[in-house]
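Please look through the sequence and the model below before reading on. The paragraphs that follow take up one topic after another, beginning with a question.

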Amino acid sequence: MNEIMAEQGAPLWVNAGMLARALLGAARGAAKGGSRPLLTGTFLEWDGEGILSITTADGYRLYHYELTAKSESPAWDITIPAKDLAKWARPFAGKSFDLTGLGKMALMPVILYPPSSPVRASYRSITLSVAGHPAVTFEEILGAYPKYRVLIPKEHDNKWVVVAGELLRLLEDAVEELAGHKNVLLVRLIPYKGEAWLVAEATTPGEMEVAACEVAARKVAARKVSVVSPPTLITALNSRYLYDTLELYRSTDMVSISVSKAGAPALFLNSQDQAFVGVVMPMFVRAPEPSWLKKVIEGASLSEEETK
């Protein structure tokens with residue numbers, strides 16, 4: 001196997017633990033089906049100068065990793081089924097995304113070479129190999145991957161800077177409060193009187209279109225969020241996509257969530273390490289009425305005081 005791979009192309013060397021983490025994280029952002037097979041894949045892109053990019057997008061969110069790598073290979077790119085790469089990566093990343101201690105794992109050669117079968121000569125493949133483990137080859141998904149870089153917005157001054165684990169805990173707590181409702185679809189990140197609030201709403205798509213800002217109080221759960229500086233714009237996101245994105249960070253990571261204007265995508269960055277970039281598309285719902293905000297948030301504040 002090693003002789004065959006050596007003949008096919010120059011290997012690309014990257015830390016196995018970091019690659020496994022990126023492949024597992026990216027897989028969460030890939031489409032699970034639909035009419036565009038390319039979006040079920042993970043797009044691997046070697047720039048020929050030291051950066052391996054790993055990207056997925058499903059039309060609602062985009063996850064993008066950049067890893068340092070070494071190779072004499074010229075630039076290349078390929079799209080591989082995300083679920084296949086995630087299955088391969090799972091044993092190397094453990095049960096969580098906290099890879100402390102895995103940095104000393106053997107470097108992994110990632111090799112792009114044409115398949116040996118003349119029947120499928122139009123397909124390319126990559127081989128992943130780690131010392132002590134069998135090499136595994138993955139065949140590409142044919143087609144040109146979308147030009148995803150134009151979808152990544154620039155960081156904006158209007159942003160939430162929060163501890164990832166704390167915001168995730170508040171989200172879980174708010175959703176748990178609404179556990180009796182089937183659809184906890186909408187989460188708003190709301191600045192209110194110099195404070196920052198997370199408001200989860202149990203509502204159906206129809207309700208969001210007709211009366212998203214007039215849902216009954218029993219369908220709403222609000223939590224005060226500790227932020228470095230309060231943002232100025234309300235952001236409405238799908239609760240599942242927000243949850244998935246926050247889970248890709250370590251619990252202690254400081255995460256920046258920035259939005260350039262109302263209705264714009266939310267950009268997720270790690271304030272200390274920008275190897276991962278997340279983009280989550282907004283939910284287009286009516287802005288909440290001031291009276292609704294007052295009722296929900298000030299009501300939640302009273303509840304907090306009562307429990308002290």
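Which residues lie nearest the centre of the largest pocket? In this predicted model, the residues nearest that centre are I234, A236, A262, G263 and V285, which belong to a lining of 17 residues. The largest pocket has a volume of about 250 Å³, and its lining, sorted by class, consists of 12 nonpolar, 2 polar and 3 charged residues.

Turning to the strands, one finds an open sheet of 8 strands, which follow one another in the order β5-β2-β3-β4-β16-β15-β14-β9 with antiparallel pairing. Because β5 (residues 76-81) and β9 (residues 159-163) stand at the edges and each have a single partner strand, one side of each is left without a neighbour in the sheet. On average, and with direction ignored, neighbouring strands of this sheet are turned by 15 degrees against each other. At the β5 edge, the partner is β2 (residues 41-46), and the two strands pair in the antiparallel sense over 6 bridges; among the residues involved, E45 has D77 in β5 as its bridge partner.

Two helices can be placed against these strands. Helix α4, residues 164-177, lies across β9 and β14 (254-258), and runs at about 95 degrees to β9. Helix α6, residues 239-246, lies across β4 (61-68), β15 (266-270) and β16 (276-280), and its direction makes an angle of about 10 degrees with β4.

As for confidence, the chain has a mean pLDDT of 79, with 78% of its residues at 70 or more. Over residues 95-107, however, the pLDDT is below 50, although the model gives this stretch 26 contacts beyond near neighbours in sequence. Residues 205-218 also stay under 50, and for them the model has 30 contacts beyond four places in sequence. Where pLDDT is low, the predicted coordinates should not be read in detail.

Methods: Residues numbered from 1 in each chain as written. Predicted model: local features only at pLDDT ≥ 70, side-chain atom pairs only at ≥ 80, totals over all residues. Heavy atoms only, no water. Pairing = 2+ DSSP bridges. Helix = DSSP H or I, 4+ residues; strand = E, 2+ residues; numbered from the N terminus. Axes fitted to C-alpha atoms, helices over the stretch in contact; angles between N-to-C directions. Contact = heavy atoms within 4.5 Å. pLDDT = per-residue confidence, 0-100. 1 Å grid on protein atoms, 1.4 Å probe; cavity = no way out; pocket = protein on both sides within 12 Å on 5 of 7 lines; lining within 4 Å. Points joined across faces, edges and corners; volume = space filled by probe spheres on them. Nonpolar A, V, L, I, M, F, W, Y, C, P; charged D, E, K, R; others polar.
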